[in-house]
Each structure stands twice: as structure tokens, then as C-alpha cells.
Amino acid sequence: MSTAAHLLADTPAQLLPARELMAFTLASHIMLVPFGVALPFITLLMHHRGLRRADPTAMLLARRWSAVMAVQFAVGIVTGTVLSLEFGLLWPGMMGRWGDVFGLGFGVEGWAFFLEAILIAIYLYGWRRLKPWTHFWLGVPLPLTALMGAFGIIAANSWMNTPQGFTLDSSGRPVDVSVQQAIFTPMFGPQYWHFVVAMFLTAGYVVAGVYAVGWLRGRRDRYHRLGFTVPFTVAAILTPVQFVLGDNIARQIFHKQPIKFAAAELVWDTDTHVPEYLFGRLQEDGTVKGGLKIPQLDSILAGFTPDTQVTGLSSVAAADRPTATQATITHWAFDIMATIGSVLILLALWYAWCWWRRRDLPKSRWFFRCAAVAGVASVITVECGWITTEVGRQPWIVYQNMRVSEAVTPTGAASLWTMFGIVVTVYVLVLGSFLAVLLKMRTRWRLADAGSARAQAEGPETDTPYGPRPEPAATAGPGEHRAPGSDL
Amino acid sequence: MTATVVAWILLLAVAAYACGGGVDYGAGFWDLLAGGAERGKRPRWLVDHAMAPVWEVNNVWLIFTLVVMWTGFPLFFQTVFTALWLPLALAAVGMVLRGAGFALRKPTRRLAARRIYGAVFAVSSLLTPFFLGTVIGGVASGRVSPGTTASADAWANTTSIMAGLITVAATAFLGAVFLTVDARRFEAHDLVGYFRLRAWIAAAVLLALGVIGLVVTDPHASYVHHGLTHGAGLALVIAAVVALALSAWLVAGPAAGWARYSSVAVVALLVAAWGFAQRPYLVPTSLTVQQGAGADAPLQWMLVVAAVALVFIGPALVVLYRLDTHGVLEPLTDEDVAE
């Protein structure tokens with residue numbers, strides 16, 4: 001307890017609000033990332049099917065998904081811009097000292113994102129006038145730009161986890177920067193593939209989940225069947241792949257960031273024959289309260305034999321490792337992620353079994369109930385994965401090179417708390433409105449499918465840019481126009 | 001040498017954001033002043049249609065500016081974001097509100113909700129460029145130096161406020177010129193005159209603010225002031241004024257389309273003038289480009305990445321703007337998603 005109090009006294013007052021603000025904005029942004037990265041791919045898949053087989057249902061689905069993409073991408077771009085501003089607003093110390101060392105990843109991301117924004121604009125607004133196949137092919141590079149963008153971001157983040165590619169001069173400043181080494185850090189590969197697959201998998205389960213709900217409510221037409229099958233298949237194929245990649249990254253962390261591994265697995269003393277804890281809470285004295293203890297398992301998972309030695313948290317000074325609370329958070333996030341991942345494997349197997357036996361979707365309502373939940377569950381795993389990697393690195397912002405408290409802005413805590421309050425309010429409103437808009441669009445489409453669209457579309461407020469393009473009336477002066485297509 | 005090139009790239013990115021983003025902020029500015037729901041219907045309809053396909057792309061210039069700043073000149077980035085914390089934080093909040101307001105207004109149908117989203121979009125279109133302008137003014141005024149902590153003095157001074165106002169005027173001018181041309185493109189002839197008048201007003205206000213700015217900033221920002229009134233800086237300022245007059249003339253004539261280019265030139269020349277006036281400093285007079293430059297290897301690689309990216313992005317950008325100005329890009333309609 002005394003160490004905790006000591007650590008607390010050492011940290012500047014603005015650290016907590018800065019941390020909370022960063023955590024909140026990142027956690028919000030990361031919910032949109034799977035769709036930015038993977039929704040274009042899933043949409044293009046459906047688009048291709050629609051063009052290839054001249055399938056109007058598939059085309060309708062692709063068009064609707066791209067309408068969703070338009071709103072999602074716009075919200076994602078603003079929350080993403082905020083993050084890049086926050087690097088300076090919250091962590092100027094990190095950027096000032098290390099910006100040149102690991103900034104190039106962001107440079108790659110910036111350009112990739114630029115290209116993505118251009119292509120997505122052409123794709124979203126090209127539906128009406130471009131030739132069908134031209135339109136499709138202009139969209140095809142989209143997933144590649146998304147992969148490139150992810151490359152840049154993950155390069156920067158994995159550098160923070162396992163920094164290299166520089167030497168420190170006598171005053172402790174980085175010199176002799178090697179760009180290749182700074183980009184391809186030890187954690188880069190494992191993090192990149194784990195992240196990319198997570199994005200595609202999550203987007204697949206979320207989109208499929210929407211149609212699973214429709215299926216459960218009795219809408220069993222071809223539209224729902226197709227809308228479910230394509231994204232769900234993508235996700236189901238990737239689930240076992242992700243399981244292998246997840247296992248791999250855990251072992252890489254064991255080798256390259258042993259203290260983070262110790263936090264994720266609640267290992268206190270360096271030892272062999274280390275038990276695995278499912279959940280449970282780490283105490284200040286190193287004991288674990290609650291949770292399910294499985295003897296030997298942690299050593300076996302880390303090195304395939306009970307004799308494997310696992311480094312414990314107590315092997316480094318208290319100031320250089322996560323606190324008991326942070327370790328518990330990391331551990332829970334890790335366990336939730338692993339649990340959900342394992343359950344999703346079962347779901348994927350269920351699907352594969354039925355498809356193999358009968359070339360058909362499973363008949364059980366329980367399958368569709370699980371599929372509906374899988375979307376939300378995989379968003380939770382994305383959040384948990386991010387918590388594991390970020391909280392598990394504490395107290396380092398650049399592992400073993402810079403503490404979070406050294407990077408934080410000198411701006412006063414009061415200002416940061418105020419900004420935190422404003423940002424939470426704004427984000428809750430924006431994300432709430434975003435959700436409301438999506439639900440409204442869904443309702444409108446459902447009504448349109450039911451054939452009552454015309455009846456719906458007759459109010460005075462229905463002329464929106466999603467309405468038919470008006471012939472702009474141009475007669476008298478401004479102010480006298482009631483031309484359709486006008487807004488507000 | 002590398003650092004100098006990267007500094008010019010940074011200035012170029014700032015100019016690109018000022019022009020591309022500026023048009024969008026300007027459109028939002030006129031959205032704000034378009035009047036009530038009935039009166040403002042037509043201008044807002046035009047703003048929506050003109051901005052929709054390109055505003056996200058224009059926004060990316062900002063992200064790119066930030067990336068070049070922290071990779072190329074980490075100490076400069078740290079200095080600016082520490083000393084000018086408040087205006088940057090407010091600009092960040094403004095950007096969220098603005099983007100979300102614009103994006104959510106489109107697919108919304110209820111008038112009340114559209115009003116709220118529209119108001120949020122329009123108000124933050126005014127505030128965001130103002131705060132970004134004060135940041136530029138704060139840097140130019142020389143009150144910021146490495147180690148300065150956040151204080152009101154750094155940005156709530158004459159130079160900063162003037163820079164903020166000039167930025168807003170410049171965006172309004174850009175927005176009005178582009179919307180005048182867009183009105184022709186969408187064959188909304190009534191709006192051509194509407195926005196032409198506003199382009200003229202904005203041009204006059206911009207000119208007036210520029211003159212006032214040059215007069216009152218002398219004691220506050222002597223280094224940059226000297227640069228703007230002598231040599232290359234002065235030449236660029238004069239060129240900007242000529243381009244401003246040219247835009248005002250072009251926008252009235254049959255070749256209004258060219259006013260886009262001349263109006264962009266106005267803003268780009270002003271940014272360039274600022275860059276020239278500030279040479280060789282990133283922060284006058286405490287941090288030069290050479291002092292603030294990051295490590296060599298990443299800087300050189302940044303040039304490589306930029307060159308490679310240019311090969312991909314240049315053509316893509318040209319295609320996007322061509323498709324957009326030729327009316328090929330259109331939002332999906334209800335019929336498209338309700339078959």
C-alpha cells in the first residue's frame with residue numbers, strides 16, 4: 001500500500017485526466033475502426049457477387065452497406081483526427097522526444113488514409129453515374145489502402161511496446177535512428193496480423209449480426225439470408241485463424257514483454273510450474289483473490305512444458321511495473337478476450353458443420369441468437385485486446401524508455417478534466433446520434449422493402465440528399481424557392 | 001538541407017489544408033449565415049451537395065500536417081501543442097462537432113434534428129478555423145518558445161486574434177467563390193448571384209483585415225511583420241492581393257470556373273508569404289528549422305514516402321476532383337437503396 005501511495009505522490013495531477021481522456025477517445029474510435037478497415041472489403045465482396053451473377057438482392061445489400069459506410073467513415077475520420085491532435089495535446093513529451101524515431105509509421109498511415117478517403121469518396125458517390133464494373137474496380141484498392149493504414153498505425157504502436165532503432169546520447173536523447181528497425185520491431189508482426197484479422201472478423205460478425213436479428217424476427221427471405229451468409233462466412237473462416245494468431249502473440253509477449261505477460265496472467269514471482277488464473281484479482285502482496293486456479297497451465301501455455309520459467313511482476317521494481325489494479329485490469333481484459341475468442345470458435349465450427357453436412361445455414365434459433373450476440377462480443381474483444389496491450393505496458397508509454405508521467409502535458413489538471421467532460425459529452429451525443437441515424441436508415445429500408453415507402457415519403461421533410469436528385473428550379477431571386485432537394 | 005525540404009513540405013501541407021479545408025469551412029460559414037429553415041433551404045442544399053464528396057479528403061491534409069510536424073520537427077510540435085493548448089483543444093472539439101454535424105445531417109429526415117445537426121456544423125465551421133488561425137498567429141507573434149507552458153497570453157493577443165479573423169475571412173472567401181461556381185455546375189442560377197455577392201463581401205473584408213493586420217501587428221510580431229513587408233514576403237503578399245482582385249473580377253465573368261484557381265492562389269500565396277517571412281525560424285525567434293529538425297534518417301525516408309505516395313495520391317486526387325467537378329459523383333438516392 002505504501003508503494004502505491006508513493007507512486008501516486010510521484011505522478012503529476014494532470015496524468016489521470018490525460019490518461020482517462022486518451023483512453024476514452026481511443027476506446028470510442030476503436031469501435032469504428034473495424035468498419036473503416038473491413039466494411040469496404042465485405043461490401044465489395046457483395047458488390048462483386050451482385051455484378052457477376054446479376055443479382056439485384058446482392059446489389060441492393062452492397063448499396064445499403066455503402067450508405068452506412070458513408071456515415072461511419074465520416075464519424076471515424078473526425079474521431080481519428082482528434083486522436084492525432086491529442087498526441088500533442090496530451091503527450092507532447094513523447095512526441096517531442098520520440099516523434100522523429102517512430103513518426104514515419106504515422107506518415108505511411110497518413111498517406112494510406114489519404115488514398116482511402118479519395119477512393120471511398122469515388123466509391124460512395126460513384127454508384128449512379130459510373131459504369132458498373134468501372135465503379136467496382138475503382139473500389140477494389142480500398143481494402144489494400146486499409147491494410148496499408150493499419151501497417152502504419154501498428155508499426156507506431158508496436159514500437160511503443162518494443163522500441164528499437166535508436167541509441168541514446170549522453171543527455172538521454174535518441175540519436176542514430178534506423179528507420180527499418182524502428183518500423184519492424186519485434187512486436188510488429190504479431191500485432192499487425194492479430195489486429196488486421198480482428199478487424200475483418202469483427203466487421204463480419206457485426207454485419208451478420210444485424211441480419212441474424214432479422215432472421216430471428218421471422219424475416220427469412222433471400223435478402224436476409226445473403227446479408228447474413230456473406231459476412232458471417234468471412235468471419236467464421238477468420239475465427240480459427242485468429243485463434244492461432246492470438247496464441248502466437250501471447251507467446252511473443254511472453255518472450256518480448258515478460259512483465260506485460262506477467263500482468264496479463266497474474267504471475268507474481270518468477271517461477272516454473274506456474275498456475276493459470278481464470279479471472280481473479282491481484283492483491284498488493286502478490287496473492288490472487290478469487291478466480292479459478294488451474295495448476296501448471298500457465299507454464300504449459302507459455303512454453304509447452306510445466307518446467308517453463310515465467311517471469312513474475314516482482315522481478316522488477318514496483319515503479320517499473322503495472323500496479324495491482326492495472327495488472328488485474330490487464331488480466332481481466334486478456335481473459336475476456338480469450339474466452340470470447342474460444343466461444344466464437346465453437347460458433348464457427350457449428351456453422352461449418354451444418355454447411356458441410358447440408359449446404360445450408362443451421363436451423364437452430366440458438367445458432368442465430370449466438371450469431372446476433374457475436375457482433376457485440378467481437379467489438380468487446382477488440383476493446384479488451386487494446387486494453388491488454390496499453391494497460392499492460394504501464395507505467396511506460398515507451399516501454400522501458402519513457403514513463404507516461406514524463407510524456408504528459410504540463411497543462412493543468414483542471415483544464416484537462418474540463419476538456420474530458422466536454423469530449424465525453426460530445427462523443428456520447430455524436431455516437432448516440434450516429435447509432436440513431438443508422439437505426440432510422442434501417443427502419444426506412446425495412447418500410448421500403450415492405451412496399452410502403454411511397455406512403456412514407458410524402459411528408460414535407462422527406463427531401464434529403466438520399467432522396468431523388470431534384471431538378472434545381474432557378475427562377476426568381478433567393479428566398480422564394482421551394483425547390484425539392486433543399487434541406488432544412 | 002533535408003530539414004529545409006521537409007519544412008517546405010510542411011508549409012505546402014498547411015497551404016493545402018488552408019485551401020481544401022478552407023473551402024469546406026467557408027461553406028459552413030455561409031451555411032451559418034443562410035438564415036432560417038425556409039430562407040436558407042437553397043444555399044444549404046448547395047452547400048451539402050458541393051461539400052459531400054470531397055470534405056473528408058480535404059480533412060486528411062490536417063492529419064498529414066500533424067504527422068509531418070511531429071516526425072520532421074518533434075520539438076516544434078511539442079512546443080506548439082504545449083504553449084497553444086487551449087485554442088488547439090477547442091479546434092479539436094470544433095472538428096468533431098463539425099464533421100459529425102455535417103455527416104449526420106444528410107441522412108436525417110426530421111426537421112428538428114436536421115436543424116440541430118446543421119447548427120452544430122455551421123457554428124463549428126466558424127470557430128474551428130478561428131482557433132486554428134489564432135494558433136498560427138500565436139506562433140508568428142513569437143510569444144511561443146520551447147518550454148513555454150500554456151497561457152492565454154500566447155494566443156489571446158492582437159496578432160493571434162487578427163490571424164484568427166483573417167483565417168475566417170479567407171475561408172468565407174474561398175467558400176463563396178467555390179459555391180458560386182458550384183451553383184453554375186448544379187444549374188442553380190439563382191444561387192450564382194447570391195454567392196457572388198458574398199464572395200465580393202468576403203474579399204473586401206479579407207483585404208481590410210489584411211491591411212489592419214499588417215498595421216497593428218508590428219509591435220507584437222516584429223520578425224514576421226518585417227518579413228511580410230520586405231523582400232520575398234512582400235512580393236507574395238502583393239501577389240495575393242492581385243489574385244484577390246483577379247478572383248473578384250473572374251467570379252463575375254463568363255470564365256467563373258477560373259476563379260477557383262485564383263482564390264486558391266490567394267490563400268496559398270498568403271501561407272507562402274507567412275512561410276517566407278518566418279524563415280529560417282519554425283518559431284520566431286527561438287527555434288530555427290535546423291534546430292527543430294528531427295533525426296536525419298526518418299527525414300530522408302519521409303521524402304521517399306512522400307514521393308511514393310505522390311505517385312499514388314496525385315492521380316487519385318485528380319480523378320476525384322475531375323469526377324466531382326464533372327458531376328459524376330452523386331449521392332445514392334432513396335430509390336437506389338429501396339428497390
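How much area do chain A and chain B bury between them? They bury about 8,800 Å², 71% of it on carbon and sulfur atoms; buried area here is the accessible area (1.4 Å probe) that two parts lose on being put together, summed over both. This is a predicted model, in which local features need pLDDT of at least 70 and side-chain atom pairs count only at pLDDT 80 or more, while totals for chains, interfaces and linings use all residues. Residues are numbered from 1 along each chain as its sequence is written, chains are lettered from A and ligands numbered from 1 in the order in which they are written, and side-chain values use heavy atoms, with hydrogens and water left out.

**View 1. The interface of chain A and chain B.** Each chain enters the contact (heavy atoms within 4.5 Å), with 90 residues from chain A and 90 residues from chain B. Zero salt bridges are found across the interface, a salt bridge being a side-chain nitrogen of Lys or Arg within 4 Å of a carboxyl oxygen of Asp or Glu. Six residue pairs, both residues at pLDDT 80 or more, are in polar contact (a pair of N or O atoms within 3.5 Å; within protein, one must be able to donate a hydrogen and the other to accept it, and residues adjacent in sequence count only if both atoms are side-chain atoms).

**View 2. The side of chain A that touches chain B.** The elements giving two or more residues to this side are α3 (56-90), α4 (92-125), α7 (179-183) and α15 (413-449) of chain A. Helices (H or I, at least four residues) and strands (E, at least two) are DSSP runs, numbered from the N terminus. α4(A) provides the largest share, 22 residues.

**View 3. Helix α10 of chain A.** Seven of the eight residues of α10(A) (residues 258-265) are buried, so the helix is largely enclosed by the rest of the structure; buried means under 20% relative accessible area (1.4 Å probe, protein chains only). These buried residues are I259(A), K260(A), F261(A), A262(A), A263(A), A264(A) and E265(A). They pack against α6 (141-161), α9 (222-256), β3 (276-278), α11 (297-303), α12 (324-358) and α13 (365-391) of chain A. L266(A), with a positive phi near 55 degrees, follows α10(A).

**View 4. The fold of chain B.** Chain B contains 13 helices and two strands. Of its 339 residues, 62% count as buried. Its C-alpha atoms fill a box of roughly 60 × 40 × 35 Å along the principal axes.

Definitions and conventions:
Buried means under 20% relative accessible area, exposed over 50%, partly exposed in between (1.4 Å probe, protein chains only).
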